[in-house]
Structure formats: C-alpha cells, structure tokens
Amino acid sequence: MKQDFFRKNPELTADKKILLAVSTGVDSMVLLHLLQRQGLTIGVAHVDHQLRTESKVEADFLHDYCRKQDIPFYLKIWKKPAKKNVEAAARSLRYAFFKEIMEQENYDLVLTAHHGDDQLETLLMRLTRGGSFTGHSGIVRQQTFGNGILLRPLLSFSKETLYEYAEEKNLTYFEDATNISQDYFRNRIRQNIVPELKKENPQILANAQQFHQQLLWADQLITEALKENLRNIEYDGQRWFFSADTLPTDTGARYYFLSIFFQQKALQTNLVVSQRQLFLLLDQIQRPVSQWVIDLGEGWQFSRRYQHFYLEKKIIVHQKKYFLGENERFFLSDNETIALSRSDTVANKGVYQVPLPLTVKLPLTIRRRQDGDRIRLTETLTKRISRYFIDKKTPMDIRDQAWVVEDSAGEIVALLPFVNSYLSIATETDRIHYILDYTLQVAK
C-alpha cells in the first residue's frame, strides 16, 4: 500500500511541511504511520469534541504517542459543544483550528484521512438529499486552504485496505462507538447500503471516485463555457445585476449560469439558493412579464426590472402616513425630508417642489400609493398612478418608494418625486402660495 499511496500523492515531498488531522481512528492512524515511515516533516492536530466519555483517553493517547515519536502535537478542546447541528458545528470548529495552526506554524499542507468509503457514502447521501450538479460531486481530493493546500490522500483506498494495513503493522487505533448508531444518516448508508453495493460490484469505490472526477470535469467545462456571461455581472456596491442579454438563451445553460452565480456570491450574501428556488426562477424568467420579484430568504431577493436582473437586499417600505400642516417638516426616512411653507420663490436646486394654491385643503396626507389611486395631469386627463408608472417604464422598486400627496378632500396633488397634479400652480407666479419641498439625499 505504501508504494501505491505515494505514487498517487506526488504532493507529499520532503520539502513540504505537513499537518495531519488525526482522530485516532484507523484511517488517520494509518495515514500518520505512512508519513512517519517516509521521514517527512509532519505535525499532528487533534480536536477533543468532548461528546464522548472516551474522547479524553484518545487525546491523551495521541499526545503521548507524538511526544514519544518527537512529533509536534496541537490540541483543541471543544469546551462548549453545540446543542444542535452538532456535526456541522464540529466540522466548522475542526477546520478553523486546522487553518489557524497551518498559518501560525507555516505548514504547506493539511491532510485529512477521508477514504474511498467516505467518498461513496457522501455521493449517496447527497444524491438522496438532492441538490445541485456540483453539490453531488462528493469529496474533493485537493483544494486551496488557508495559506496552502488541503489534501485528502486516502480517497482511492477502501476502508478494508486501511484495516488490513493497520493489522499488518500492528497499529493502535480507537473505534468511535457512535459510528454504529442508526441515529445518523451516514451510519445508515454505511451499514445498510454500502455493503450491498459492494456485493453487487466490488469495483464500486473506484467507480464512485471516477464518477466524482467526471462531475468535477463537467463542472469545469460548464464554468468555462459560461465565463463570458459571468464576467458581465456587475456590482454597484449594494447589489449585483446583469442585462437580459447576459442571460443564456438555452434553459439548461440558464440553470447553470444562475447556479454558478449564486455559488460565487454565497460568501458575501450567506445565501443558499435551493434547487426548488432555482427552478422557480427559471420558470419565472420564461414568462412574458417585464417586472417581478422573488424572495430568496435571508433578506435577499432576485428581481427583474424590464431588461435587467438584480440580486439585492429586500427593500423595506414604510407604510406610515404623515399629516403635514403649514410650517411643518418631517423626516420620511433617513434620507428623505418633506416640508410645507408659504413662499413666492422658485424651487431650490436639488429639491423637488410642488407649488400649491392657498386654497388647498390642509393638512396634506403623505402616504404610499394604493390600488385605484388616480392623479389629474391636465384639465381633462386623469390617470391611474399604476398606469402612469407603466407608461414611464418605472422599475417596481422605485414605484414602491414613491410618495402620494393627498389633500384633506382626498384629491391627489402630487406623486413624489415624479409628477405634480393639475391642481399645482406654475412656479413663475409671484403670488404667495404654499410650497411643498421634498428632498431625497441619494446614498453615495
């Protein structure tokens, strides 16, 4: 096995400083033994999760082993184990610890002891649970990690091979009692399904590894084919957007474009888009609707506004009403103010102004638009506000931010900051009149 192991892992050379993640199970103890016998520069990292009573005995054994073998040993004790999502929390803790030691002690490689059975189990679990194309690809052999590389050099070896090596070399290792519990999905896969598949085809582990590699290659080809489309995605500091021309025409290509797009932005958004949501988006995109919004969760939404698509934070529209009298001023939001006063001057630069006759019935109501709202634009033309926005091709998010100004008789005198009604008067007049000043400070 030793010769085959190093032939398949040419990265393991004498000039590399290697950190091994060792749990004291048979797989990691075999890995440790293999590297020791090659005379490489190694260190051992171990995490005591404190989830089992035996964990301290195992940590003490490994510490003593490394001391006798003159191997640097790094221990992390999980002092406050999680109460829920324990497996995910434990994994996050382990890899954060490995990265910390790697960077502090300048290790080039971090090695974990995942093997061929782990690969098959992972593929089956992901296939059962569903997910994306890349999500089905299994455990990656090598990837960038911290200031170096994370390597899993045992993926081409079966669990049986590791047991045989351990028996041949008379290695000491510990069996985790929780590995036989039927409470865990992976254990049920391991005990009930994998043995049957191995009976059907003894080459199932090799086939699983080949399938994993094929999925990775296919993903690389798809990403390369969509490279130009993905390059056209823009970011303005608050949201990502792209034009309809950027979206591939073929439905399958659209699926992969969106899937890769969301994966690339997951780090910034903490958003995981499900397959159900992806297919919902594909269906919505194909509909002949110029504007729509789909809530993706975690405060994010994906929308279409005419010829552009956006991934952005949901906009919270305040539904408050304000009643504005003479010489009153309100902050409608952090960047919007509105005021009413008597004046005979023209508008200030940068201020949206609505000149109103002194006969207007106060107080004015400042509110968001409602279904059925109509505004009189000329002496003979009254138009629904919704129709006005459609005619102007105003994006939905901007429509939702508009303010309706209504007098106490229920007549709409302005739609801020878009249009004044016929009831407003010309600003050229030198007569005293009301001036409604609306100021919007655009965020930079």
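**View 1. Five strands, β7-β8-β11-β10-β9, make an open sheet with antiparallel pairing.** This is a predicted model, like everything in the views that follow. At the edges of the sheet stand β7 (234-235) and β9 (291-297), each with a single partner strand, so one side of each is left without a neighbour in the sheet. Look at β9 and strand β10 (residues 300-305): they run antiparallel and are joined by six bridges. To find your place along this pair, start from Gln 291, whose bridge partner in β10 is Arg 305. Helix α10 packs on the sheet, where it touches β8 (240-243), β9, β10 and β11 (308-313). The direction of α10 makes about 160° with that of β8. Helix α11 lies across β9, β10 and β11, and runs at about 180° to β9.

**View 2. Helices α10 (residues 251-269) and α11 (residues 275-286) cross with their axes coming within 10 Å.** The crossing angle is roughly 130°, and angles over 145 degrees would count as roughly antiparallel, so α10 and α11 are oblique to each other. The crossing is right-handed as α10 passes α11. On the α10 side, the contact is made by Thr 251, Arg 254, Tyr 255, Leu 258, Ser 259 and Phe 262. What they meet in α11 is Gln 275, Leu 278, Phe 279, Leu 281, Leu 282, Ile 285 and Gln 286.

**View 3. Six strands line up as β3-β2-β1-β4-β6-β5 in an open sheet with mixed pairing.** Here the edges are β3 (73-77) and β5 (142-145); each has a single partner strand, so one side of each is left without a neighbour in the sheet. From one strand to the next, the twist averages 25°. Out at β5, the pairing with strand β6 (residues 148-151) is antiparallel and takes four bridges. Within that pair, Gln 143 stands opposite Leu 150 in β6. Helix α2 (residues 26-37) packs on the sheet and touches β1 (17-21), β2 (41-48) and β4 (109-111), its direction making about 160° with that of β1. Helix α3 (residues 55-68) packs on the sheet too, touching β2 and β3, and its direction makes about 165° with that of β2.

**View 4. The largest nonpolar core has 31 residues.** Phe 5, Leu 12, Ile 18, Leu 20, Leu 32, Leu 35 and Leu 111 touch the most other members. At least two core residues come from each of α1 (2-8), β1, α2, β2, α3, β4 and α6 (159-168). Helix α2 gives the most, with seven residues. Zoom in on Leu 12: leaving aside residues up to four places away in sequence, Leu 12 touches Phe 5, Phe 6, Ile 18, Leu 35, Leu 40, Leu 109, Leu 111, Leu 151 and Pro 153. Apart from this core lies another one, of 26 residues, including Val 273, Leu 281, Leu 296 and Trp 300. Leu 281 turned up in View 2 as well, as one of the α11 residues met by α10.

**View 5. Strand β15 (residues 352-356) is largely enclosed by the rest of the structure.** Why say so? Four of the five residues of β15 are buried, with buried meaning under 20% relative accessible area. The strand pairs with β22 (residues 433-440) in the antiparallel sense, over five bridges. One of the residues to pick out is Gln 353, with Asp 437 as its bridge partner in β22.

Terms used. Residues are numbered from 1 along each chain as its sequence is written. This is a predicted model: local features need pLDDT of at least 70, side-chain atom pairs count only at pLDDT 80 or more; totals for chains, interfaces and linings use all residues. Side-chain values use heavy atoms; hydrogens and water are left out. Buried means under 20% relative accessible area, exposed over 50%, partly exposed in between (1.4 Å probe, protein chains only). Two strands pair if DSSP finds at least two bridges between them. Axes are lines fitted to C-alpha atoms, for helices over the stretch in contact, and angles run from 0 to 180 degrees between N-to-C directions. Contact means heavy atoms within 4.5 Å. A nonpolar core is a set of buried Ala, Val, Leu, Ile, Met, Phe, Trp, Tyr and Cys residues joined through side-chain atoms within 4.5 Å. Angles under 35 degrees count as roughly parallel, over 145 as roughly antiparallel, 65 to 115 as roughly perpendicular and the rest as oblique. A crossing is left-handed if the near helix is turned anticlockwise from the far one by less than a right angle, and right-handed if clockwise.
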